[in-house]
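Reader: I'd like a close look at a single part of this one, a small sheet. Could you walk me through it, and then show me what else is around in the structure?

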Amino acid sequence: MRLIASEAISNSNALVPGAVELFSIASNNPELVHLAKLNALAPISSALLYADMGIPVFPVHSVQVGLCSCSDESCKAVGKHPRTRQGLKDATTDIAQIERWWGENPDANIGMRMGNGWCAVDVDMGAGKVGAQSLAELQSQYPDGWDTLTARTGGGGLHFFFRTEPGTVVTSG
């Protein structure tokens, strides 16, 4: 079973910016089959889905007409920095809090706190980036395990999410 971003399948122009579109392929799980029928998820729906999977989330600024929603014209992290005061430390799976955050900022991107049984591989793709080549090398070297939750990023890259064994320490780099 693999969950992947719908842009990879449909290239639809009707997708919600910043949303994670999930589809289920070859799954016998009725809940995942239901996800397969969804066309696009609004950011709040994606955030709630991640929280339901046990991944703590927090709202992140979004990109509006090429500028960051933080209103700082010189912002160096456009659409990639927290809307909350403590950022990553505010991440939660609490449904009521997530509904409040995205109720106030429905276009917020989704920040996720990895750890607690989850890690992610971020693959930057596009002109001048070597992500596609690096991904191909990784998949060649480690062919198993790529059938996992995958999301397309706002910059056109991919995030691959993996479950980790209890006690696993994962570092970035």
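Author: Let's start with a strand pair: β8 and β9 (residues 158–163) run antiparallel to each other, joined over three bridges. For one of these contacts, look at Thr-150, whose bridge partner in β9 is Phe-160.

Now step back to the whole sheet, bearing in mind that this is a predicted model. It is an open sheet of three strands, ordered β7-β9-β8, and the pairing is antiparallel. The edges belong to β7 (118–123) and β8 (150–152), and each has a single partner strand, so one side of each has no neighbour in the sheet. From one strand to the next, the twist averages 20 degrees.

On to the nonpolar cores. The largest has 18 residues, and those touching the most other members are Tyr-50, Val-57, Trp-102, Ile-110, Met-112 and Phe-161. Two or more residues each come from α3 (43–52), β3 (57–60), α4 (95–104) and β6 (109–112). Leaving aside residues up to four places away in sequence, Val-57 has contacts that include Ala-47, Tyr-50, Ile-98, Trp-102, Ile-110 and Met-112. Another core, of seven residues, lies apart from that one, and Phe-160 turns up again there, with Val-123, Leu-135 and Phe-162 also among its members.

As for charges, a search of the whole structure gives one salt bridge. Arg-83 pairs with Asp-107, with the closest N and O atoms 3.6 Å apart. Arg-83 sits in the loop between β5 (67–68) and α4, and Asp-107 in the loop between α4 and β6, so the pair ties together parts 24 residues apart in sequence. Arg-83 is partly exposed at 23% relative accessible area, and Asp-107 is partly exposed at 30%.

Definitions and conventions:
Residues are numbered from 1 along each chain as its sequence is written. This is a predicted model: local features need pLDDT of at least 70, side-chain atom pairs count only at pLDDT 80 or more; totals for chains, interfaces and linings use all residues. Side-chain values use heavy atoms; hydrogens and water are left out. Two strands pair if DSSP finds at least two bridges between them. Helices (H or I, at least four residues) and strands (E, at least two) are DSSP runs, numbered from the N terminus. Axes are lines fitted to C-alpha atoms, for helices over the stretch in contact, and angles run from 0 to 180 degrees between N-to-C directions. A nonpolar core is a set of buried Ala, Val, Leu, Ile, Met, Phe, Trp, Tyr and Cys residues joined through side-chain atoms within 4.5 Å. Buried means under 20% relative accessible area, exposed over 50%, partly exposed in between (1.4 Å probe, protein chains only). Contact means heavy atoms within 4.5 Å. A salt bridge is a side-chain nitrogen of Lys or Arg within 4 Å of a carboxyl oxygen of Asp or Glu.
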